[in-house]
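Dear colleague,

Please find the structure below. A short account of what was found in it follows.

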Amino acid sequence: MARIEFTVVHDFAARPRVVWDAMIDWPAHSEWIPATKVIVDSGDTTKVGGTFTGYTGYGPLTLVDRMRVSAIDWDESAGHGSCEVEKLGPVLTGRAGFTVTGNEVGSRVEWFEDVTVPYLPSFLEPVVNKAGAFGFSLAMRQLAKVLAR
């Protein structure tokens, strides 16, 4: 079993609320996360308890990532939000989430992943951690392009 942990930080030239709205629009993640489709399963995914599933990959090489919103908060006056999801398996378990804060450029996102992968040998952790962080960095750059349209 491997434990995958990384954090990606990205600055956006957009107001925090604009970035927040994009981050919590789970089905729209397909616009900026490569090879990914997100489907809302139940409830309101902008509230605790809402569930959704991410499908990343192609054909039989698709990773199914079921998630439930475990914490979510947006403070309009502070221009700050945080969201955390629980990973429900069948492959990834653990948690992931992000914060959105205002900064001198516009806003900053800190996205973290802290998951276990039962079928992945632990000696591959460093490689998968770097690949995961790289992939999410690319996704953040793509989101910045989407928001600049």
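**Fold and packing**

Read from the N terminus, the chain follows the order β-α-β-β-β-β-β-β-α, which amounts to two helices and seven strands (DSSP runs numbered from the N terminus: H or I of at least four residues for helices, E of at least two for strands).

This is a predicted model, in which local features need pLDDT of at least 70 and side-chain atom pairs count only at pLDDT 80 or more, while totals for chains, interfaces and linings use all residues. Residues are numbered from 1 along each chain as its sequence is written, and side-chain values use heavy atoms, without hydrogens and water.

The radius of gyration of the chain is 15 Å, which agrees with the value near 15 Å for a compact globule of 149 residues (taken over C-alpha atoms; the rule is 2.2 Å times the number of residues to the power 0.38). Along the principal axes, the C-alpha atoms fill a box of roughly 45 × 30 × 25 Å.

Of the 149 residues, 40% are buried (under 20% relative accessible area, 1.4 Å probe, protein chains only). In helix 1 (residues 16-23), the buried residues are Pro 16, Val 19, Trp 20, Ala 22 and Met 23. They lie on the same side of helix 1, because their arc around the axis is only 165 degrees (from the directions between the helix axis and the C-beta atoms). Their cover includes strand 1 (2-12), strand 4 (63-75) and helix 2 (125-148), among others (contact means heavy atoms within 4.5 Å).

With kind regards

Conventions
Buried means under 20% relative accessible area, exposed over 50%, partly exposed in between (1.4 Å probe, protein chains only).
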